[in-house]
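Welcome, and thanks for opening the viewer. Let us walk through this model together, one selection at a time.

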Amino acid sequence: MSDTATNHASVNEERQKFYRRVMVYVALTVVTLILAFPIIWMVSVSLKPTVETFSLPPRLIPETLSFDGYVRVLENPQFRRFLLNSYILGLVVTLLSLVIGTLAAFGFSRYRFFGDKTAKLFVITTQMVPTITLLIPFFGVIVWLRLYDSIWGLILTYLTFSLPYAVIMMNGYLDTIPKDFDEAATIDGCGPLGVLFRVLLPVAMPGIISTAVYTFLLSWNEFLFALALTRSIEMRTVPVGISMMVGEFGLKWDEMMAFSVIGSLPVLILFMLVQRFVVSGLSAGGIKG
Amino acid sequence: MSRVINGLKENGTPYFFLLPCIVILGALLSVPLYKVVEYSLYDNVIVERNPTFVGLQNYSNLLTDSAFWSASVNTLIFTLGSVIGHIIVGTGLALLVNAEIHPRAQTVFRSLLILPWIFTAVVVALNWQLLLNPFGVINYGLTEIGLIDTPIDWLGDPAFAMWALLLISTWRGYPFIMVSFLSGLQSIPKELYEAAEIDGAGFFAKFWHVTVPQLKPVIYGVALLDLIWTFQLFPLVWLTTGGGPGRSTEVLSTMTFRQGFVDFEFSQAATTAVSILIISAAFTILYLRNEKQKI
């Protein structure tokens with residue numbers, strides 16, 4: 001008798017749980033669709049001929065599918081130049097930050113030394129300095145160093161946000177590797193560099209990849225320095241290039257949205273490939289700008 | 001002798017690893033921070049070879065400039081509004097994604113919900129200009145359901161521009177809070193919820209008495225970080241409204257940029273930049289005091 005009663009209660013509870021789960025799925029799907037709508041709409045407009053951009057009622061699926069925007073953007077050598085600049089800049093900044101940042105992270109993670117806490121606080125603090133405050137003097141210094149309108153000026157200034165990020169991220173990953181690894185390797189005759197390169201880095205590969213992806217993303221998306229420290233059309237990056245389209249190309253929405261899609265694809269693909277690793281890192285990096 | 005050298009080698013090792021990083025960061029920060037203060041004490045810097053020393057003149061100009069005060073008020077509204085928006089949307093989504101659903105589905109929803117963060121500010125700005133356009137989808141939807149009679153130029157009307165900007169900023173920034181809270185939520189021991197359930201706590205009681213206190217350290221740090229970053233944010237404002245219409249959405253960062261790169265008044269720009277630095281330094285100290293305990 002009491003057995004059936006408990007059975008009944010647990011069946012009820014199961015059913016309630018099931019309904020609750022269905023509700024969560026429905027809510028998540030609706031919210032996600034609403035929040036992803038701007039992105040979906042961007043793709044939709046990029047595939048419409050310009051006359052259809054504001055046609056009423058709005059259609060998600062274009063009446064006439066048109067790849068004109070994409071073709072015009074990809075055929076334009078200026079846009080290809082923007083993409084090339086952003087790739088080169090992103091790769092150089094990522095590589096530099098990763099190498100210098102990993103060395104520093106290794107020092108922080110594996111040694112206790114005089115001034116270690118101060119040095120770490122200093123690295124964290126550098127992330128907090130307002131970009132706009134740095135920009136004004138950077139402009140003066142970069143012009144003075146004759147690095148204005150060159151990729152070197154951008155590489156140098158990008159390190160102010162990419163390097164602290166790389167240090168903090170890599171420090172976090174190296175901290176998760178037990179010290180026994182180092183000791184075993186030291187007994188086998190490895191020096192500190194041997195420990196880092198032969199033992200720790202292979203284990204920390206997911207961390208390195210996610211740090212690299214996110215550093216690349218920060219560099220790819222940066223706008224303020226790229227806008228103010230370059231001048232010629234040959235030196236512009238993707239974000240600045242897109243922003244210039246508004247004035248120079250008389251608001252052709254299909255082209256602008258096509259270039260936005262093309263310009264977002266590299267980071268989107270990278271992010272999707274490694275999102276498992278990256279998500280945890282996002283919270284450490286924030287977004288400056 | 002060799003022991004001394006060995007000792008040096010032993011103790012010197014970490015400094016060797018840190019040296020490149022600290023030297024580069026030190027140079028990249030100390031030089032501009034020194035320079036920006038110096039610029040703010042001179043007149044006609046950068047554009048002229050021999051600028052004149054004017055002491056605190058630029059500061060008194062700034063403090064008596066009504067544009068500075070209206071930009072400060074806008075910055076306050078923009079920063080607080082954005083951070084509150086991020087926290088509300090971010091917390092709600094973190095709770096929803098953290099609900100007991102299939103881990104696969106959880107991963108998919110989480111990565112889809114992070115998307116607004118992945119795009120560069122220019123793309124975000126263009127997307128929303130398209131949506132908020134007088135002939136755009138949002139106006140169409142609102143007129144169809146009868147909320148408004150005639151389309152509104154959300155970004156071009158001084159009465160609505162700040163609200164539109166806050167909407168865009170909320171959309172762009174909530175993923176940071178969501179991701180941070182999500183990892184915080186997943187570290188709360190399940191036993192606490194079970195114990196609360198035994199005591200008869202419902203959903204809201206559990207949220208208020210278990211989730212919030214457990215998340216408190218995370219909330220404080222993350223909110224401060226968000227505040228510091230939003231306070232100095234430039235691209236999103238510049239690219240959506242450009243500080244306009246008029247000066248209705250002009251914040252301190254766009255004002256600095258305008259003074260420097262539109263009006264070529266770099267001394268005045270440096271002065272505004274220093275004021276931004278001072279305010280964000282105050283928040284940074286709060287953040288570091290919190291962070292220090294974790295190191």
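What share of the contacts in chain A with a separation of 6 or more comes from residues 24 or more positions apart? Select chain A to begin: such pairs account for 76% of those contacts. Please keep in mind as you look around that this is a predicted model.

**Stop 1: chain A as a whole**

Colour chain A by secondary structure. You will find twelve helices and zero strands, so the order of elements from the N terminus reads α-α-α-α-α-α-α-α-α-α-α-α. The radius of gyration of chain A is 25 Å, well over the 19 Å that the globule rule gives for 289 residues, so chain A is more spread out than a compact globule. Turn the chain along its principal axes, and the C-alpha atoms fill a box of roughly 90 × 70 × 35 Å. Of the 289 residues in chain A, 45% count as buried.

**Stop 2: confidence in chain A**

Now colour chain A by pLDDT. The average is 84, and 90% of the residues score at least 70. Where is confidence lowest in chain A, and where is it highest? Select helix 12 (residues 253-285) of chain A for the lowest mean, 77. Then select helix 10 (residues 224-228) of chain A for the highest, 93.

**Stop 3: a residue in helix 12 of chain A**

Go back to helix 12 of chain A and pick Glu255(A), which lies in that helix. Is Glu255(A) buried or exposed? Glu255(A) has 22 other C-beta atoms within 10 Å, and the cut-off for a buried residue is 20 or more, so Glu255(A) is buried. For a distance to try in the viewer, add Val238(A): the two residues are 17 apart along the chain, and their C-alpha atoms are separated by 14 Å.

**Stop 4: the loop between helix 5 and helix 6 of chain A**

Next, zoom in on the loop between helix 5 (131-144) and helix 6 (151-175) of chain A, where Arg146(A) lies. Arg146(A) has a positive phi of about 60 degrees although it is not a glycine. Arg146(A) is exposed, with 10 other C-beta atoms within 10 Å.

Stay in this loop and select Asp149(A), which also lies between helix 5 and helix 6 of chain A. Its phi is near 65 degrees, again a positive value in a residue other than glycine. Asp149(A) has 15 C-beta neighbours inside 10 Å and counts as partly exposed.

**Stop 5: helix 4 of chain A**

Select helix 4 (residues 116-126) of chain A and find Lys117(A) in it. With 13 C-beta neighbours inside 10 Å, Lys117(A) counts as partly exposed. Now add Tyr173(A) to the selection. How far apart are the C-alpha atoms of Lys117(A) and Tyr173(A)? They are separated by 18 Å, and the two residues are 56 apart along the chain.

**Stop 6: chain B as a whole**

Hide chain A for a moment and show chain B. Its secondary structure comes to twelve helices and two strands. Follow the chain from the N terminus and the elements run α-β-β-α-α-α-α-α-α-α-α-α-α-α. The radius of gyration of chain B is 24 Å, whereas a compact globule of 295 residues would have one near 19 Å. Along its principal axes, the C-alpha trace of chain B spans about 80 × 70 × 30 Å. Buried residues make up 43% of the 295 residues in chain B. Among contacts in chain B with a separation of 6 or more, 68% are between residues 24 or more positions apart.

**Stop 7: helix 4 of chain B**

Select helix 4 (residues 103-114) of chain B. This helix has twelve residues and reaches 16 Å from its first C-alpha to its last, close to the 16 Å expected at 1.5 Å a residue. Which residues of helix 4 of chain B are buried? Show the side chains of Phe109(B), Arg110(B), Leu113(B) and Ile114(B). They cover an arc of only 130 degrees around the axis, which puts them on the same side of helix 4 of chain B. An α-helix has 3.6 residues a turn, so residues three or four places apart point the same way.

**Stop 8: where the chains meet**

Finally, bring chain A back. Here 77 residues of chain B are in contact with 78 residues of chain A. On the chain B side, the largest share, 18 residues, comes from helix 1 (residues 2-40) of chain B. Colour that side by class and you will see 60 nonpolar, 13 polar and four charged residues.

How values were computed:
Residues numbered from 1 in each chain as written. Chains lettered and ligands numbered in written order. Contact = placed C-beta atoms within 7 Å. Helix = DSSP H or I, 4+ residues; strand = E, 2+ residues; numbered from the N terminus. Nonpolar A, V, L, I, M, F, W, Y, C, P; charged D, E, K, R; others polar. pLDDT = per-residue confidence, 0-100. Expected span 1.5 Å × (residues − 1). Buried ≥ 20, exposed ≤ 12 C-beta atoms within 10 Å, placed from the backbone. Arc of directions from axis to C-beta. Rg over C-alpha atoms; globule rule 2.2 N^0.38 Å.
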